[in-house]
Amino acid sequence: MNQFWQSTKTYFKTVNFRKIIKRIGFLFLGIVALLLIASAVLSVYFKNHKTEIVTQINAKINESISGTVNISDINYKFLKGFPNMTLALSQVELKDSLWSFHKRTLLKAEQIEVRVNVLGLLSNEINIDKIEIQNAALHLFKGKNGIVNTNIFRPKPKNKKSKSSTTSSINEIILDQVHFISENQMGNKLFDFDVLALRSKIDFDDDNWRTKLYLKTLAKNMAFNTKRGSFIKNKIVEGVLIVDFSKPKNQISVATKNLEIGEELFDINAHFSLDKNKSPFDIAIKTNILWKDASALLSANISRRINQFDLKKPINVGCTIVGDMSETGDPEIVVTTKIKNNELKIPDGIISDCSFDASFTNQYKKGAGCNDVNSTITLTNLSGKYKTIPFTIPIGIISNFEKTKAAGSFRSDFPVSQLNEIINKDLMHFSDGQAKVNLDFKFDILDLKIQKPLFTGNVTVKNATINYGPRNLTFVKTDIQLDFTEQALLIKKINFKDRRNTVFMEGKIDNFLTLYYENPEKMIVNWDIYAPFLDVKQFVGVFTSSGKKAPKTKNKKDDFSEELYSVIEKSQMVLNLKADKMVYSKVEATNAKATILLLNNKLMVKNGLVKSSGGTISFDGELVPNGDNFLLESNAKINRVDIARFLTSLNNFGIQSFKPKNINGFLTASASLKGTLLSGGQLKTNSLFGAAKFDVSQGALVNFEPITNIAKFAFPFRDVNNIVFRDLSGNFKINGDLVDVNDLKVSSNVLNLDVNGVYSFNRGTNLAMTIPLRNPKKDEFITNKFERAENRNKGIVLHLLAVDVDGKIKIRWNKNHE
């Protein structure tokens, strides 16, 4: 190896090698000199023939266009493009013949470099090999009246042959800093690009050609419909495009891979027809992109809707755009994607483990136009979890983007306890049970709010336990079936258990969903309620107690709870109640019936009827919220109840002067009362106001101590231990703890008694008693009531006062008969 290098070095020092190097140097210098001389000759030729060249260029342009061309100057670029001649055209302005109408200059460039074939010049033929346009504006225009600025090229005369046998062709195009605008007012289209750089070398194959084009441009506007907004607005587009022109098809095809738009990469295939009367095109786009990044590339009418949603992971998207540049309106847009195990953000929360196929088209019905009304999103096989609730939507369609509608089907099967992740525990808490949902739905969407909903299908719940916090209602081992029909929501098989009460409920809500979303205050829930046993105090307390306050939301995820609570509180309820047995304190009743209306915590009772104490009690009433308590209004009628049992159940109204055991008979009475009911269902002491009247039949006063004490002295020979009443009736006015006694008339076998005055449940009793001393037993045989009345006060009459002395009733003489 060393011997080889030694031989080489020796050869470099020989005379022959030096001669070869000298000859190569002279050859190179000769070539350079020849280029310089040739270029100088061309420069001299251009200077000497500038007028002819300019004339030829102008003639070349003018024979092809209809309009005006202004070129400020033409210069020769020394050595550039050698052996061809490169000419620099400065301040070039090209206008069509209708410029005065539309004021849009077709081309305005600071400099255009044109490389011209020298051999063509020598034969008086301009053959342009390359064009380079710098700092220019190219504006294509079509007005609303159809006027255009591109009709600048004259049609070739038929059967006229070119004077030259050489065909002129442009083999290379370069654009630097070129502002390109295509404005179509008739079609509401606007394409506005700042072309930062474009490099294209064209290969010709007869009438067909192909180029590999490098492009870098700023897309200031790409609006297929200016009323809808621009796609890829203010995004940099950069990449290499393969562009083909087919003469037989009269069509340009564009294909590119990894075209960069903004920071995203796209594969695009497009075709543009160059037909004279129509300009159809189609564009196919594929990419893998994040939802929010895709939204940023869309027009405003689409992005403002889909920005309400988001997907966490990138998605594969395919899009086709088909239209006609010469026609008005939007092109047809079809977008398809497949989502797998992604996370979908919606206005009401997040759907995890989300998978579905989706497609969008703005021409759902062929021939109905490409517009918002005819736009549709179709979702198929959507599955996921809303918080912990799994669900599927086999098919869902969102249509008409002007008056948006949604339709589809919804399926779910989950443990009821999973609802605790959705609903505030202070409102409702769930345990046990399984829920199944099978619904078809239709509704309108306005500002992402559901309008005019229609659900059909059913929801079933098996063996669930539910606690409604604000009223401390507990539903145990509950089976619920909700049947959604077009007219109403049917609620079946609900049982409620709260301490002593067991209640079975079925309900119906007409026009449920529309009222839920739009007018909950007009919602009427019709309940049929059956109870084997009912504690009225607890039951009323449940519906009157304000209980806990409405759950307050700390963040958006609890909006549903607050909304649900608001609907429940605003809705009206009609309860048709039946109970085998019911109690209120110590009052017991059977075969109870009533209609109860609930509205904003206001409770109204109508057509109430119970059997109690051997008789019947009918009633109606109203409870109205008043702070923490409720104002009570009630009308009641009592028909032939056992007076002793009845008084015992009512704690004898708090009267201590006699006991229920002291009186027998059947009570018939009516009362109209007002009072205050505490939130737990108890009557506030001494809060009653109103009037009552009563009549006792088959009555008797047994061992009534105040009478027996008097009778020892006044009636020693009469049976005062068992006083049988022929007449016992009276009228009362109740004013808190005071009762005005009006015309209390007692007619018995022992004595007659008339009472007037005030009786107090506490202090202040002052009753005037008129007691004839004659034995009324003799009056039993008098059949004429007027005669009996005349005999009532014959003989000696005692006038006594029953007054309160230190909390005890004392009997005194009523000297003045007051």
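Helices are taken here as DSSP runs of at least four residues, numbered from the N terminus. With that convention in hand, the enclosed spaces of this predicted model make a good place to start. The structure holds two cavities of 30 Å³ or more. The largest cavity contains about 150 Å³ of space, and helix H6, covering residues 300–306, supplies the largest share of its lining, namely three residues. In total, 18 residues line the largest cavity. Those that lie nearest its centre are Ser 299, Asn 301, Ile 302, Asp 330 and Ile 333. In terms of residue class, this lining is made up of seven nonpolar, seven polar and four charged residues.

The second largest cavity has a volume of about 40 Å³. Its lining consists of Thr 460, Val 461, Lys 462, Asp 479, Ile 480, Gln 481 and Lys 493. Two elements, strand S21 (449–468) and strand S22 (473–484), each give two or more residues to this lining. Sorted by class, the lining of the second largest cavity comprises two nonpolar, two polar and three charged residues.

Attention now turns to charged pairs. Side chains of opposite charge can pair when their charged atoms come close. A search of the whole structure returns 15 salt bridges, and a few of them are worth a walk-through.

One of these joins the side chains of Arg 228 and Asp 372, with an N to O distance of 3.4 Å. Arg 228 sits in the loop between strand S7 (208–223) and strand S8 (235–246), while Asp 372 sits in the loop between strand S15 (349–361) and strand S16 (376–386), so the pair ties together parts that are 144 residues apart in sequence. The partners fall into separate accessibility classes: Arg 228 is partly exposed, with a relative accessible area of 23%, whereas Asp 372 counts as buried at 6%.

A further salt bridge pairs Lys 366 with Glu 332, and here the closest N and O atoms are 2.7 Å apart. This pair also links distant parts of the chain, 34 residues apart: Lys 366 belongs to the loop between S15 and S16, and Glu 332 to strand S14, residues 332–346. Lys 366 has a relative accessible area of 61% and is therefore exposed, since the exposed class begins over 50%. Glu 332, by contrast, is buried, with a relative accessible area of 17%.

In the salt bridge between Lys 130 and Glu 132, the closest N and O atoms are 3.9 Å apart. That distance still qualifies because the cut-off for a salt bridge is within 4 Å. Both partners are on the buried side of the scale: Lys 130 has a relative accessible area of 14%, and Glu 132 has one of 10%. Lys 130 is placed in strand S4, residues 128–142. Once residues up to four places away in sequence are set aside, Lys 130 touches Glu 113, Val 114, Arg 115, Ile 170, Glu 172 and Ile 174. The contacts of this buried lysine thus include Glu 113 and Glu 172 as well as Val 114.

Salt bridges also occur as a network, in which Glu 93, Lys 95 and Lys 108 are linked.

The cysteines give a short result. A search of the whole structure finds zero disulfides. Among the cysteines, Cys 319 is buried, with a relative accessible area of 16%, and Cys 354 is buried too, with a relative accessible area of 0%.

A last stop is Pro 314, which lies in the loop between strand S12 (310–311) and strand S13 (315–324). At 46% relative accessibility, Pro 314 is partly exposed, because the exposed class requires a value over 50%. Which residues does Pro 314 contact, leaving aside its neighbours within four places in sequence? The list is Asn 288, Ile 289, Leu 290 and Asn 342. For one of these, Ile 289, the separation of the C-alpha atoms from that of Pro 314 is 4.8 Å, although the two residues are 25 residues apart along the chain.

Terms used. Residues numbered from 1 in each chain as written. Predicted model: local features only at pLDDT ≥ 70, side-chain atom pairs only at ≥ 80, totals over all residues. Heavy atoms only, no water. Buried < 20%, exposed > 50% of the residue type's maximum accessible area, 1.4 Å probe, protein only. Contact = heavy atoms within 4.5 Å. 1 Å grid on protein atoms, 1.4 Å probe; cavity = no way out; pocket = protein on both sides within 12 Å on 5 of 7 lines; lining within 4 Å. Points joined across faces, edges and corners; volume = space filled by probe spheres on them. Nonpolar A, V, L, I, M, F, W, Y, C, P; charged D, E, K, R; others polar. Disulfide = S-S within 2.5 Å.
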